[in-house]
Amino acid sequence: MKTVELITPLDEAQLAGLEAGDKVLLSGEIYTARDAAHKRLVALIEEGKELPFDLRGAVIYYVGPAPARPGQVMNSAGPTTSYRMDVFTPLLLEHGLKGTIGKGPRSMKVRESMVKNGGIYLAAVGGAAAGIASAVRKAEVIAYEDLGPEAIRRLVVERMPLFVVNDIRGNDLFELGVAEYRREGTN
Amino acid sequence: MRELDVARITEAVRELSIETNIYLPDDVKNALREALDREESPLGREILQVILENLDIAEREKMPICQDTGVAIVFLEVGQDVHLTGGDLEGAINEGVRQGYSEGYLRKSMVDDPVMRRKNTTDNTPAIIYTRIVPGDRVKITFAPKGGGAENMSEVRMMTAADGIEGVKDFVVDRVARSGGNPCPPIVVGVGIGGSFERCAMLAKEALMRPIGESNPDPEYDSVEKELLKRINNLGIGPQGLGGRTTALAVHIRTVPCHIASMPVAVNVQCHASRHAERTL
């Protein structure tokens, strides 16, 4: 396990050396999107329309932040559960998305798509939302303001602490970690 | 008969909305600290440390522990000798939620229609309110903001007497195993057994309100809780599901009588941010 600094947009060369279990400190622009925004993004792709941000090399953070107080850049902003986005993710990976951030495991389809398209999945610590906010330097809504907490925001993050769950070779930290600490019976 | 203006209920709900989202109960904090001492996985320990540090940051900065500040679950015990004045009770509770979620800069997570429209109601109402009429002249409000990620991992199963306690145990362990890292472990597991389809689900949620470390008053169920906790922690799911020995902080069981044909069982999963507080007026 190693700690790697990553800066967006991501490319294959940056991801080649990453392994499930590595720590990442992520900097640069990332985009927030969750259930409702994903539905709209996928509809736009299917209709052949332009997306509100460039997917190539992009990282999507599955989060619906608490509203910021006056003068505050970002209020609490921890990850939401990723499996709800699984049905949308392969299409986004095919269109250039390189990274997703959330919590909880991904489906086999998403994992296969990450291997095929060279993408990674990173875990943020769910519930550690006040701490995560301190890595956010800038935040602005760029699309779907009507969705409130589910709007798409462009965030500028600085050394956001994450763990690599799925690397581009198909390893999965959930599988590896659980296998190591599983015990039989009730002892 | 004692009179109580519902404005006081609004005020209490407003305060509880904000407080529960910033301050975790001491029993939960202690359980997380004890988990850190026990956890074998280095990554699991690191995650528990991040979770504990986050609690400090939330208290210091007056920020919500989690961005998912939940659906507002309200358990009300209304003394039968109380006359509520000044407006309607449910309206007063919703007004408290509206004010608390706005003034506390908490996330509004409710949509108006569950399927077709899913438009955000923008004030986190309506609250989910359960009212019981009890003896006395007090009103007790228990406020529990419930996040979506853990709630989604919950389940009701209509079991039979033949399934017995072993069937119940297997169901609970299986439900947690299938949840993996999704509900933000370490979790608290609420189990409701008996009653009817909806009653057992209520019991499971009420079981989550019991302080961690307080034993089940029934010694037989107490030993089942302890066994289940061991079995769940032996799943290896660990903090955030990334592997470790701390998958659950506690298993709490509540039971009520049921029909001779039935054995309804509900599992309500609670994330590590086990937020709840009470106030008596």
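Q: In which loop of chain B does B:Pro126 lie?
A: We're looking at a predicted model here. The peptide bond running from B:Thr125 to B:Pro126 is cis, with omega near 0°. As for its place in the chain, B:Pro126 sits in the loop between H4 and S4 of chain B.

Q: Which residue does a cis peptide bond join to B:Pro185, and what is omega there?
A: Most peptide bonds are trans. The partner here is B:Pro186, found in the loop between H6 and S7 of chain B. The cis bond joins B:Pro185 and B:Pro186, and omega is about 10°.

Q: What phi does B:Lys62 have, and where is its place?
A: Most residues other than glycine have a negative phi. B:Lys62 is not a glycine, yet its phi is positive, at about 55°. Its place is the loop between helix H3 (42-61) and S2 of chain B.

Q: Which strands stand at the edges of the open sheet S4-S2-S5-S10 of chain B?
A: That sheet has 4 strands with mixed pairing. An edge strand has a single partner strand, so one side of it is left without a neighbour in the sheet. That description fits strand S4 (128-134) and strand S10 (277-280) of chain B.

Q: Over how many bridges do S2 and S5 of chain B pair?
A: Strands of a sheet pair through backbone hydrogen bonds, either parallel or antiparallel. B:Val74 stands opposite B:Phe143 in S5(B). Strand S2 (residues 71-79) and strand S5 (residues 139-146) of chain B go antiparallel, over 8 bridges.

Q: Which strands of chain B does helix H1 touch, and what angle does its direction make with that of S5(B)?
A: Neighbouring strands of the S4-S2-S5-S10 sheet of chain B are turned by 15° against each other on average, direction ignored. Helix H1 (residues 6-22) of chain B packs on this sheet, touching S5 and S10. Its direction makes an angle with that of S5(B) of about 35°.

Q: At what angle to S2(B) does helix H4 of chain B run?
A: Helix H4 covers residues 89-103 of chain B and lies across S2, S4 and S5. Relative to S2(B), helix H4 runs at about 140°.

Q: Which are the edge strands of the sheet S6-S9-S7-S8 of chain B?
A: This one is an open sheet of 4 strands with mixed pairing. Its neighbouring strands are turned by 15° against each other on average, direction ignored. Pairing on one side only marks out strand S6 (155-159) and strand S8 (248-258) of chain B.

Q: How many bridges join S7 to S8 in chain B?
A: Strand S7 spans residues 187-195 of chain B and runs parallel to S8(B). B:Gly192 stands opposite B:Arg254 in S8(B). The number of bridges joining S7 and S8 of chain B is 8.

Q: Which helix of chain B touches S7 and S8, and which lies across S6, S7 and S9?
A: Helix H8 (residues 219-233) of chain B packs on the sheet, touching S7 and S8, and its direction makes about 140° with that of S8(B). The helix lying across S6, S7 and strand S9 (263-270) of chain B runs at about 155° to S6(B), and that is helix H6 (residues 164-179).

Q: What area do chain A and chain B bury between them?
A: On the residue level, 45 residues of chain A are in contact with 44 of chain B. Carbon and sulfur atoms carry 58% of the buried area. The total comes to about 3500 Å².

Q: Which element gives the most residues to the side of chain A that touches chain B?
A: Across the interface of chain A and chain B there are 18 residue pairs in polar contact. Helix H5 (129-133), strand S7 (152-166) and helix H6 (173-181) of chain A each give two or more residues to that side. The top contributor, with 5 residues, is H6(A).

Q: Which side chain does A:Arg183 meet in a salt bridge?
A: The count between chain A and chain B is 2 salt bridges. In one of them, A:Arg183 has an N to O distance of 3.0 Å to its partner, B:Glu40.

Q: How many residues apart in sequence are the parts that A:Lys2 and A:Asp22 tie together?
A: The closest N and O atoms of this salt bridge are 2.6 Å apart. A:Lys2 lies in the segment before strand S1 (3-7) of chain A, and A:Asp22 in the loop between helix H1 (12-16) and strand S2 (23-32), so the pair ties together parts separated by 20 residues.

Definitions and conventions
Residues are numbered from 1 along each chain as its sequence is written. Chains are lettered from A and ligands numbered from 1 in the order in which they are written. This is a predicted model: local features need pLDDT of at least 70, side-chain atom pairs count only at pLDDT 80 or more; totals for chains, interfaces and linings use all residues. Side-chain values use heavy atoms; hydrogens and water are left out. Contact means heavy atoms within 4.5 Å. Buried area is the accessible area (1.4 Å probe) that two parts lose on being put together, summed over both. A salt bridge is a side-chain nitrogen of Lys or Arg within 4 Å of a carboxyl oxygen of Asp or Glu. A polar contact is a pair of N or O atoms within 3.5 Å; within protein, one must be able to donate a hydrogen and the other to accept it, and residues adjacent in sequence count only if both atoms are side-chain atoms. Two strands pair if DSSP finds at least two bridges between them. Axes are lines fitted to C-alpha atoms, for helices over the stretch in contact, and angles run from 0 to 180 degrees between N-to-C directions.
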